[in-house]
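Here are a few short exercises to work through with the model open beside you. Try each task on your own before you read its solution.

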Amino acid sequence: MATDLAPPATKAASKDKRPDRLPVRTALLRYRWLYLMLIPGLVYFALFKYLPMYGLTIAFQDFVPFLGYSGSPWVGFKHFENLFTGPDFGRLLFNTLFLALLTAVFVFPAPIIVALLLNELRIGVYKRFVQSLIYIPHFLSWTIVFSLTYLLFSVDFGLVAGWIHSLTGGGAKVDYLAQPEWFRPLVILQLLWKTSGWGTIIYLAALAGVDPNLYEAARMDGAGRRRQFWHVTLPAIRPTIVVMAILTSGNLLDQSFEQIWLLTNSLNRSVADVFDTFVYYVGVQQGGYSYATAVGLFKGVAGVILIFGCNWLAKRLGQRGLF
Amino acid sequence: MSTQTAETTAKASPVRHYSSLGSRVFDTLNVILLGGLALITVLPLFYVLAGSFATEGEISARPFFLWPENFVTSTYAFVFANDTLLRAMLTTIVVTAVGTVLQVTLTFTMAYPLAKRYLPGRTLMLNLVIFTLVFGGGIVPTYLVVRDLGLLDSYWALILPLAINPFYLIIVKSFFQELPQALEEAARIDGCNEIGVFFKIVLPLSKPIIATFSLFYAVAIWNDYMSPLLYINDNQKWTLQVLVRQLTSPDAANAIGSLDSVAFFPAEGLKFAVVVIATLPILCFYPFLQKHFSKGVLIGSVKE
């Protein structure tokens, strides 16, 4: 029994024999405890990850819950045709890409700038103090972020809204939370507040890895502070910036569902709807299961293509890919 | 983070003395700018805290304050006497505690066998896990599965669909692979089976990473708004996040109507108080969170 229980550590170490070639029954018996430990996890992935993937078939059906996955009538690409010829698709794509563009321009550089500024701070205690404070919003929920936005920008009692109102000399009050043209600025503002502090961590880690001798050498060569920044500090974080840029563009269809949904209301829906919130609204709230699933499937497939495309591009550019 | 920051400071700014005027001006501006940034970050939170201790009249009369004129606790007295609010707090605490234990248990038990390179079928299972990182069924099919399992309006719907984060699973698996194998083998030779090895040898060695991922999971459940939005309709089963949303939104009137009616109702103060209550536990654990999360970010980035 003892030989049976002990995994063949020697065999694994020698690597001369592919363990995958073991007869299934022998393997199951020999590693029964390990397989037993896998079962709960595998059940989870089967139920909550792979069963929903099977459920994507309803994008090609007119799904009726009563009839189920097998009983509902098949309709081929009807929902996709409706999506691409209807008015929704253009609006969803535009809203999503526009937000992605604004994020790339305003949100992406923010942590880089903050990290570079933090790196120039010479008082360690003050640096840690600032870090501790600007990391806080990362841990707060989007619900809290929305509530703060509401308490600051609401038309009735919003603090900042009131300040702007009196600074601009009165006039009609602006309802920032309802007016469509203020939706995107608020999204960007929230993202800046929530992510630009925490985002510095990865860049600060890269900056911490810079060999102090490089600065020393640069000084020897007569480089002042500014030239040390351009020729030592900035090159040191360039690979990190590239990797983060690839990661971000691979996920550019993924706005935070919670953030967008919380800011959406009946007045700004035309500019607010992105793929995920539209899927929830049409699918779960209105019961248009099949159409919403088709929209979700389109977004999922486009997302996979984007991720692999960005990875391929990264490798072409000579960067270490993500996988 | 404190140790890392100390290293950062020590490494990145090795006694650099600049005495030029431009350099000193920059340093001063930098200190002011970053201080301002820190202020912008925390001022909204202070304002909300102050508002939760202010009277209804002061909230509507004064544009801004960080310390209320009349310091009152009547808003909190109302909160802690209100069934809907208390139930939401209790629900959130229980769901977070049970969920975290379950998630950590499932993640670590599954990661251990996946870390064994000699296990037949391991590559296939790993690939199946990794695939879920880039593609999934999406909102509606997942919703239908949860509904078919009869989990709508059940607290389990807030836990089970998120039971294992595949990304965390892979990080924990990599951590197990790095553990020295000699101890495990010694235990096996002593007649321990794999489950014994896992509990007696591996888990005690993993305490720091268990702490890190417990915090990751706990914060995620505590802050989760999407799951209750999707799966919970019964307002008796609201979590704190849902309540915060219901009370601080342009259509808050509907939600307030559903709260048990009482003579004194702090409509304005309540908006501030619920935000404080939903934020406070996060801020209480903040020193641990900061330390463990920054470690987690760096583990993740290294493994990518």
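The exercises below go from the domains to the contact between the chains.

This is a predicted model, in which local features need pLDDT of at least 70 and side-chain atom pairs count only at pLDDT 80 or more, while totals for chains, interfaces and linings use all residues. Residues are numbered from 1 along each chain as its sequence is written, and chains are lettered from A and ligands numbered from 1 in the order in which they are written.

**Exercise 1. Describe how chain A is divided and how its domains touch.**

Step 1. Start with the bounds, which come from an automatic or database domain assignment: domain 1 of chain A covers 2-71 and domain 2 covers 87-316.

Step 2. Taken over C-alpha atoms, the centres of these two domains of chain A are 38 Å apart.

Step 3. Now look for contacts (C-beta atoms, placed from the backbone, within 7 Å). Domain 1 of chain A brings six residues and domain 2 of chain A brings five residues.

Step 4. Sort the domain 1 side by class, where Ala, Val, Leu, Ile, Met, Phe, Trp, Tyr, Cys and Pro count as nonpolar, Asp, Glu, Lys and Arg as charged, and the others, Gly among them, as polar. In chain A this side has four nonpolar residues, one polar and one charged.

**Exercise 2. Do likewise for chain B, and find which helices supply the domain 1 side.**

Step 1. In chain B, domain 1 spans 18-72 and domain 2 spans 82-303; their centres, over C-alpha atoms, lie 33 Å apart.

Step 2. Here eight residues of domain 1 of chain B meet seven residues of domain 2 of chain B.

Step 3. Helices are DSSP runs of H or I with at least four residues, strands are runs of E with at least two, and both are numbered from the N terminus. Helix 2 (21-52) and helix 3 (56-61) of chain B each give at least two residues to the domain 1 side, and helix 2 has the largest share, four residues.

Step 4. By class, that side of chain B splits into four nonpolar, three polar and one charged.

**Exercise 3. How many residues does each chain bring to the contact between chains A and B, and of which classes are those of chain A?**

Step 1. Chain A contributes 94 residues and chain B contributes 89 residues.

Step 2. On the chain A side, helix 4 (residues 32-55) gives the most, with 15 residues.

Step 3. The chain A side holds 68 nonpolar, 16 polar and ten charged residues.

Technical notes:
Contact = placed C-beta atoms within 7 Å.
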